[in-house]
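This report reads through one model, taking loop residues, a sheet and nonpolar cores in turn.

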Amino acid sequence: MTARIKLLGRRFERLVVLREGAPGDPLCVVQYDCGVEKIVNRRDLLAGDAKSCRPTSVGDVFGFWTIVSEAPRNAQRNRMMNARCVCGVISIVPESALTAGLTKPCRTCRSKVKVAA
Ligand SMILES: [Zn+2]
């Protein structure tokens, strides 16, 4: 077992760690000086990859998705976005998935790909 570096309350340039996940959970909630809260991987924090604050805003494009508007936060208080897929389908997508590049095309697009293949 390796000693875990405590990140809670620590400052990394323009952000402060607000919440740390339980042991085994690599995700931290951080707040940037501009007030934006983001979920980041502690590995990125320690590697210095999470220092810039780039809040997502309407019109931003992430892969297949374009942000249309902000949606109500989910039960975990994560920021959610109404996003439009390239095919026109609008879906609610977690902001963290968009910024982390984890989003896939909508179901309609995925089934189209399947049919075409
Ligand atoms: Zn689609």
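## Loops, sheet and cores

Arg77 is exposed, because 9 other C-beta atoms lie within 10 Å of its own and a residue counts as exposed at 12 or fewer. The model is a predicted one, and in it Arg77 sits in the loop between β6 (65–71) and β7 (80–85). Its phi is near 65°, which is a positive value in a residue other than glycine.

Glu13 also has a positive phi, near 50°, and is likewise a residue other than glycine; its place is in the loop that runs between β1 (11–12) and β2 (15–20). With 12 other C-beta atoms within 10 Å, Glu13 is exposed. A further loop, the one between β2 and β3 (27–32), holds Gly21, which is partly exposed, with 14 other C-beta atoms within 10 Å.

| Residue | Loop | Other C-beta atoms within 10 Å | Exposure |
|---|---|---|---|
| Glu13 | between β1 and β2 | 12 C-beta atoms | exposed |
| Gly21 | between β2 and β3 | 14 C-beta atoms | partly exposed |
| Arg77 | between β6 and β7 | 9 C-beta atoms | exposed |

Leaving aside neighbours within four places in sequence, Gly21 is in contact with Pro26, Leu27 and Cys28. Between Gly21 and Leu8 the C-alpha to C-alpha separation is 9.4 Å, although the two are 13 residues apart in sequence.

The two strands that flank the loop of Arg77 belong to an open sheet of four strands, ordered β5-β6-β7-β8 and paired in the antiparallel sense. Its edge strands are β5 (61–62) and β8 (90–94), each of which pairs on one side only. The antiparallel pairing of β5 with β6 rests on two bridges, and Phe62 has Trp65, in β6, as its bridge partner.

Trp65 also belongs to the largest nonpolar core, whose eight residues are Trp65, Ile67, Met81, Ala83, Cys85, Val93, Leu98 and Cys106. Both β6 and β7 supply at least two residues of this core, and β7 gives the most, with three residues. In soluble globular proteins, nonpolar side chains tend to be buried together.

Cys85, one of the residues of this core, is in contact with Phe64, Trp65, Ser91, Pro105, Cys106 and Cys109, again leaving aside neighbours within four places in sequence. Apart from this core lies another, of six residues, and Cys28, Ile39, Val40 and Leu45 are among them. Cys28, a member of that other core, is also one of the contacts of Gly21.

Note on methods: Residues are numbered from 1 along each chain as its sequence is written. This is a predicted model: local features need pLDDT of at least 70, side-chain atom pairs count only at pLDDT 80 or more; totals for chains, interfaces and linings use all residues. A residue is buried if 20 or more other C-beta atoms lie within 10 Å of its own, exposed if 12 or fewer, and partly exposed in between; C-beta atoms are placed from the backbone. Two strands pair if DSSP finds at least two bridges between them. A nonpolar core is a set of buried Ala, Val, Leu, Ile, Met, Phe, Trp, Tyr and Cys residues joined through C-beta atoms within 7 Å. Two residues are in contact if their C-beta atoms, placed from the backbone, lie within 7 Å.
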